[in-house]
Structures are given as structure tokens and as C-alpha cells.
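Welcome! Please open the model in your viewer and have the selection tool ready for a short walk through a few backbone details.

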Amino acid sequence: MSAADQSHLTHLARTDNDPPGAEQLEPDDTQADILDSLVTSLYSCVEHKDGFDLFLRNIRDTFDLVSCCLAVIQKEPHLKGLYGWAVGYPPGIVPLMLKTGLVFKDKAIARALETGPNALFSYADGDPESDFLADMSTFSRTWIRAAGIIDSATIAFTNKYQQHVVLVFNRHKDSGVFSKPEMAMLSRLKKHAEIALDLYERLHRSEQSFKDLQSSIAVLKQPVAVFSPVSLLVSASPAFVEIGRRYKVFTINQDSREIAFKDQQFGKDFYTQLMLFITGKTGALDDSDTLYLQSSALPLRISITPVHNRESNNSNVLVEIFDPNVCRTPSIAEIRKVISATEAEARVCLCLLKGASTAEAAEQLELAISTIRTNIKSLLQKNSFSRQVDLITHLMRVCS
């Protein structure tokens, strides 16, 4: 990424005179390019012998970090650090911390484990006057002061072994605290980190033998497919194929490696968007990354993400389907466990999860539409989401 791009991101994140709700503005081309670059480096790590080092180096440079790490931790039956990668730390220190248990004295990791598998937070929460060291242990304060760290952002989720994966990003005081647009970008990265690590573990840790990324995709539990630079289907998971069969909305032609949609107009729209992503005419933050396919029940949400291959200078496309019809409806208490929400806001989330519009949610809850919109805005800000659809998708993932 060029210095100009980094400068633009920093300017975007630091504007002091932004109008109220500015963090909700539509992302520009530079942001889309930055996210594309990070997603590319993330997926390129899946088959790399050095694991996720490349991704960590890329995100360190993009966000001007002091250091960052990815750690895989077992909580049950005993708390235990398993493995991980790090950039910006002294050589060998992270494996040593994992082995000796010192990793659990890191405040960001400890908070992520306490918060749960869907944590996404920064200590400063966008406040440059925040006292980052206030509740830190002596162990943490010592090295944080020495490194000049002013803020720490963290992503957490669980892998297919029900182990906890924690990514920590440490920001230098000269660069300021993490802004809401930056946290929104980390939120968009989270779902890709989950898929990339799942693929990595299937390639490198599974008892089964997988020769390449294609065979790994084919056994994913998520409904995921990969298309080639000429929009041919490379691989699709059984769950992806099953959705087409269950709702009778598409079939896969194994000979031509194409998907035939029952709704022909949707098929044209789908392949048009596919080619736009492949040719780089649209970016990973555009609204065009989401299509809705009508079914006999609630519409299926189709998410499209470009994955660039630097060596061949080509672009593959990752397509993921979210089916709201198979999501178990969570309770208010469950929603409040996985996101930051008041009871009133959780009730709004529940309505949205069931497919209600803003007006319908207002009618169901006997509230003004303006109140529903205020609740939604608060939910997005508190949970670092830039769009309502991303918040609902996150809840669908967690609660399905």
C-alpha cells in the first residue's frame, strides 16, 4: 500500500470536525482497496509455510501498529496457550509466553477470553483522552510504556476445535487511538479471519490429508464457494450445494462449472457482480458485495469477496450464503451476551433478525420509527459495525 493511501486512511480516521454519525458514511475507493489488500494477504496465508506472518505484517503497516499477534488458546479443561504468530515482538517471545502461561497476563488477551468468543473492542473506544494503563497489571504497564503503546484493539472468535482465537493490534502513541472507521474495518475482517483460519487448520492440522485449498473448501461446514478469474466454479462446500437443492433456487452444472439460477434475472445480476469483482471494478466495501436471492421462505443473503492472487495477478472470488431460515431465534439474554446492547436494543435486534423492517419493528414494539433508528445507530456504534446488515449477519452467524 502506498504512503498516499496510508495518509488518506489516517486522515479519514482522525478528522476532528466530522458531523454526527460521520462514521456511518459510505466508504470510499481507498478504504475498499485497503480492505481488499488485507483480505488478500489473509487468504494467501492459508497455504503459506509461515502461516499468518504475511497478514500480520500487512496489517501492522496498514494501521501503523507497534506490534500485533494471533494466538490460539484452549480454555477447557485447562487454560493453555497452543500456538500463534506475532510481528513487532522480540523474537521468540510469543511462543514462550504461550508455553509458560505469561500470555494470560496480557490484558487484551485476558479481556478477550473473559468477554467471550465474539469480542471486538479497543481499550480507548475512540477516546484520545482515555487512560489506557488505568487497569493494567504491573506486567502489562511495564512493556506498554516501554513500547509507547496508546491503544490496543482485539478480535476474538472460536475455531472448529472450540479453541479461542485472539488477534491483538497494538497502536503507537504517535498514531493516536483506533477510530470508529478503523474498528469497522477490523469488524469486516473478522469473518474472513474465521474462514481463513478454518482453511489453514484443515490444511495443516486435520487428520485428513488435503492437497490444496480447493479440497479444503469442499469440506467446509459453511455454505462457501470459490470462483476462478473467468467466473467458473472452482469448488463448493456440501452446505453450499445443499442450499440450492433445499430451496430449489439453483443447480450446479459440473461439466460447465457454472451455477444455473432458477431466477434468470438474478443469475444475470450475480454473474455481473462476479465479473466486476474479478476485474477490480468494485471493492470489498461496496454495497454490491451483497445480493439477496428470493426463496420460498426468507431471502438468502449472498456475500461476495474478492481474493487476489499476487503471484498470478489474478482474482478469485469467495461467495458465501447466509440462510436466515435455519438460524435459531436467540433470546434477549443471548443477544446481550454476544453484542453490547441494552435490553431495549436487544429487542430491536430480535425484530430485525426475524426479518422486520424499521417500520415493522416500530409497530411490533409499539415505538416510534425514530426510536428504532436511534437504537440501531447506537448498536452499530457500540459494536463497531458500519452497516445494519453486518450487525445482523454477525448475529446470524453466532446464533445459527
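The tour goes from a loop to a hairpin and ends at another loop.

Before you start, note that this is a predicted model, in which local features need pLDDT of at least 70, side-chain atom pairs count only at pLDDT 80 or more, and totals for chains, interfaces and linings use all residues. Residues are numbered from 1 along each chain as its sequence is written, and side-chain values use heavy atoms, with hydrogens and water left out.

Select lysine 248 to begin. You will find lysine 248 in the loop between helix H9 (238-247) and strand E8 (250-253); helices (H or I, at least four residues) and strands (E, at least two) are DSSP runs, numbered from the N terminus. Lysine 248 is not a glycine, yet its phi is positive, about 55°. Most residues other than glycine have a negative phi.

Next, show E8 together with E9. The two run antiparallel, joined by 4 bridges; strands count as paired if DSSP finds at least two bridges between them. Together E8 and E9 form a hairpin with 4 residues between them, and arginine 257 in the turn has a positive phi of about 60°. Look across the pair, too: asparagine 253 stands opposite glutamate 258 in E9.

Now turn on the side chains of E9 (residues 258-261). Which of them are buried (under 20% relative accessible area, 1.4 Å probe, protein chains only)? Ile259 and Phe261 point to one face and are buried, while Glu258 and Ala260 point to the other and are not.

Finally, select glutamate 366, in the loop between helix H13 (358-365) and helix H14 (369-382). Glutamate 366 also has a positive phi, about 60°, although it is not a glycine.

Key
Buried means under 20% relative accessible area, exposed over 50%, partly exposed in between (1.4 Å probe, protein chains only).
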